[in-house]
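Trainee: Could we go through this chain together, step by step, so that I learn how helices and strands are described?

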Amino acid sequence: MASVSFDKLSKNYGTSQVVDGIDLDIADGEFLVLVGPSGSGKSTVLRMLAGLEAVTSGEIRIGGQRVNHLQPRQRDIAMVFQDYALYPHKTVRENLGFGLKVRGIPGDEAQRRIIDAADMLGIAQLLDRRPGQLSGGQRQRVAMGRAIVRRPQVFLFDEPLSNLDAKLRGQVRTEIKRLHQALGTTIIYVTHDQVEAMTLADRIVILRGGAIEQVGTPDQIYNTPANIFVGGFIGAPAMNFLPARIAGHVAHAADGLSFDLSQLGAIPQGDVVLGMRPEHIRAGSGAGIDFSGIVQVVEPLGADTLVHIGIGDATVTARLEPTQKPKPGQRVQLNIAPGHIHVFDAVTERAML
């Protein structure tokens with residue numbers, strides 16, 4: 001196991017800067033997730049760490065050792081890709097053991113590692129099959145097993161669940177979490193899926209345009225987003241945003257809507273954007289702030305109901321109880337606790353409260 005650190009890490013392709021001076025320290029044994037939209041630079045960071053991409057500037061350290069100059073095989077890392085990259089003509093046993101054979105691991109030791117990894121991942125009964133005889137989830141477990149037998153200092157996962165259906169994604173995600181708990185090895189995991197990030201990570205790094213927007217635990221990222229981008233990226237459905245103007249302790253939004261924010265203490269004045277998560281909005285009146293709007297679309301989901309509500313030119317989504325199914329065109333009364341309202345600067349988009 002080992003710590004990993006990036007010091008002003010940058011990557012350019014000609015005049016295009018893909019990664020822009022990232023500083024980040026990853027603790028030994030930590031499960032860190034890099035998440036962001038397509039083109040945010042997350043996979044490029046991972047590939048530079050693996051030695052598959054050259055660093056334009058800055059430093060990468062693994063276990064305190066500078067590794068910029070080292071070849072991939074010298075970095076003692078193992079990488080799991082989204083496309084499995086298995087040898088189709090080899091059995092599962094041979095796929096798991098190929099890297100060990102190349103590294104000169106004695107046969108008895110290699111077989112012990114193969115059996116241990118297969119047992120851990122529940123694929124012991126598949127050792128004599130070939131990849132073409134396996135399901136997508138089984139192939140991904142073999143790819144993970146090939147990394148496990150290496151016993152590296154750091155595991156790297158590059159969107160490993162992208163090719164799986166929703167049910168398999170949930171199953172393999174749980175297996176990855178169990179793997180980390182069992183091995184305690186440092187894991188750096190890249191995904192565009194915020195659900196994967198929230199459920200797997202000890203800490204999350206939100207990337208946009210090659211730069212870090214926020215670093216924190218899942219709770220910190222969810223409850224105190226640093227800016228509008230993070231607030232909108234983390235959460236499903238996404239956070240609602242309402243332009244407003246604060247005068248005194250009241251935020252005036254569209255359609256004559258006003259929010260009394262006096263419970264928040266000292267608040268900024270002027271143009272802001274209010275953020276409200278759908279799951280924090282309740283139907284009816286209450287001890288918090290009441291507001292209303294016209295129902296546009298209702299989406300019953302079984303466990304709850306998503307209701308899209310028009311307020312002036314804006315649309316707000318509320319996650320309501322499954323029994324609450326208002327009709328389109330109906331005016332509904334809603335309520336939110338002041339402590340669940342986020343206030344962002346309208347110009348910089350940074351969090352103000």
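Mentor: What follows is a set of questions and answers on a record entry, a pair of helices and two sheets. This is a predicted model, in which local features need pLDDT of at least 70 and side-chain atom pairs count only at pLDDT 80 or more, while totals for chains, interfaces and linings use all residues. Residues are numbered from 1 along each chain as its sequence is written, and side-chain values use heavy atoms, with hydrogens and water left out.

Trainee: Which feature does UniProt place at residues 4–234?

Mentor: Over that stretch the chain is 37% helix and 26% strand, where helices (H or I, at least four residues) and strands (E, at least two) are DSSP runs numbered from the N terminus. The UniProt entry is unreviewed, and its annotations may be inferred rather than shown by experiment. The feature it gives for residues 4–234 is "domain: ABC transporter".

Trainee: Are helix H2 and helix H3 parallel, antiparallel, perpendicular or oblique to each other?

Mentor: The axes, which are lines fitted to C-alpha atoms over the stretch in contact, with angles from 0 to 180 degrees between N-to-C directions, come within 10 Å for H2 (residues 92–102) and H3 (residues 107–121) and cross at roughly 130 degrees. Angles under 35 degrees count as roughly parallel, over 145 as roughly antiparallel, 65 to 115 as roughly perpendicular and the rest as oblique. The crossing angle therefore makes H2 and H3 oblique.

Trainee: Which residues in H3 are met by Arg93, Leu96, Gly97 and Leu100 in H2?

Mentor: Contact here means heavy atoms within 4.5 Å. The residues of this contact divide into 5 nonpolar, 2 polar and 2 charged, with Gly counted among the polar ones and Arg among the charged. On the H3 side the residues are Ala110, Gln111, Arg113, Ile114 and Ile115.

Trainee: Which strands are at the edges of the open sheet with the order E13-E12-E11-E14-E20?

Mentor: This sheet of 5 strands has antiparallel pairing, and two strands pair if DSSP finds at least two bridges between them. Inside it, 7 bridges join E11 (residues 240–247) to E14 (residues 270–276). The edge strands, each pairing on one side only, are E13 (258–260) and E20 (341–345).

Trainee: In the sheet E15-E19-E16-E17-E18, which residue of E18 stands opposite Thr305?

Mentor: E18 (314–320) is an edge strand with a single partner strand, so one side of E18 is left without a neighbour in the sheet. Strand E17 (residues 305–311) runs antiparallel to E18, joined by 7 bridges. Opposite Thr305 stands Leu320.
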